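Here's a quick walk through the charged pairs and a greasy spot on the surface of this protein. Have the structure open and follow along.

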Amino acid sequence: MSKNIYVGLSGGVDSSVTAALLKQQGYNVTGVYMKNWSQDLPGFECPWKQDFQDAKRVAVQLGIPFKMFDFEKQYRQKVVDYMVAEYRAG
């Protein structure tokens with residue numbers, strides 16, 4: 001019986017090759033995009049939509065299922081807010 005594996009896809013080479021190799025080895029691979037941030041910052045447009053589309057294209061090309069998990073709220077609370085609070089605390 002084949003194992004199910006979720007691979008975090010960014011649309012880049014490393015995660016794409018990982019998913020392809022695992023599929024080639026007979027695993028049931030599902031591509032996963034984790035949405036952690038979508039806010040534009042002054043002078044910087046957040047590229048999450050393009051990253052998501054790149055990851056989705058990889059999944060389609062490999063013929064594997066694709067899911068997106070939205071962790072933006074948790075990321076903001078546990079990473080960004082924590083970092084800002086610690087920075088302010090010195």
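## A nonpolar patch on the surface

Let's start on the outside. Y6, M34, F69 and F71 come together as a nonpolar patch on the surface, and their combined accessible area is about 380 Å². Keep in mind that you're looking at a predicted model.

Take F69 as one of the patch members. You'll find F69 in strand β3. With a relative accessible area of 32%, F69 is partly exposed.

## Salt bridges: the K35 pairs

Now for the charges. How many salt bridges does the structure hold? There are 3 of them.

Start with D70 and K35, which form a salt bridge with their closest N and O atoms 3.8 Å apart. D70 belongs to strand β3 (residues 66-70) and K35 to strand β2 (residues 28-35), so this pair ties together parts that are 35 residues apart in sequence. For a salt bridge the cut-off is within 4 Å, so a nitrogen–oxygen distance of 3.8 Å makes the grade for this pair. Are the two partners buried or exposed? D70 has 43% relative accessibility and counts as partly exposed, while K35, at 12%, counts as buried.

K35 also forms a salt bridge with E72, and here the closest N and O atoms are 3.6 Å apart. E72 lies in helix α3 (residues 72-89) and K35 in strand β2, so the pair links parts that are 37 residues apart in sequence. What about burial for this pair? Both E72 and K35 are buried.

## A salt bridge inside one helix

The side chains of D54 and R57 meet in a salt bridge as well, at 2.8 Å from N to O. Both residues sit in helix α2 (residues 48-62), and because they are 3 residues apart there, about one helical turn separates them.

Neither partner counts as buried: D54 is partly exposed with a relative accessible area of 24%, and R57 is partly exposed at 48% relative accessibility.

## Putting the charges together

Which residues do shared partners join into one network? K35, D70 and E72 are linked that way by their salt bridges. On screen, go to K35 in strand β2, then look for D70 in strand β3 and E72 in helix α3. Buried K35 pairs with partly exposed D70 and with buried E72.

Definitions and conventions:
Residues are numbered from 1 along each chain as its sequence is written. This is a predicted model: local features need pLDDT of at least 70, side-chain atom pairs count only at pLDDT 80 or more; totals for chains, interfaces and linings use all residues. Side-chain values use heavy atoms; hydrogens and water are left out. Helices (H or I, at least four residues) and strands (E, at least two) are DSSP runs, numbered from the N terminus. Buried means under 20% relative accessible area, exposed over 50%, partly exposed in between (1.4 Å probe, protein chains only). Patches are made of residues with over 30% relative accessible area and no salt bridge: like charges are joined within 9 Å, nonpolar side chains (Val, Leu, Ile, Met, Phe, Trp, Tyr) within 5 Å. Accessible areas come from the Shrake-Rupley method with a 1.4 Å probe; for residues, only the protein chains shown count as cover.
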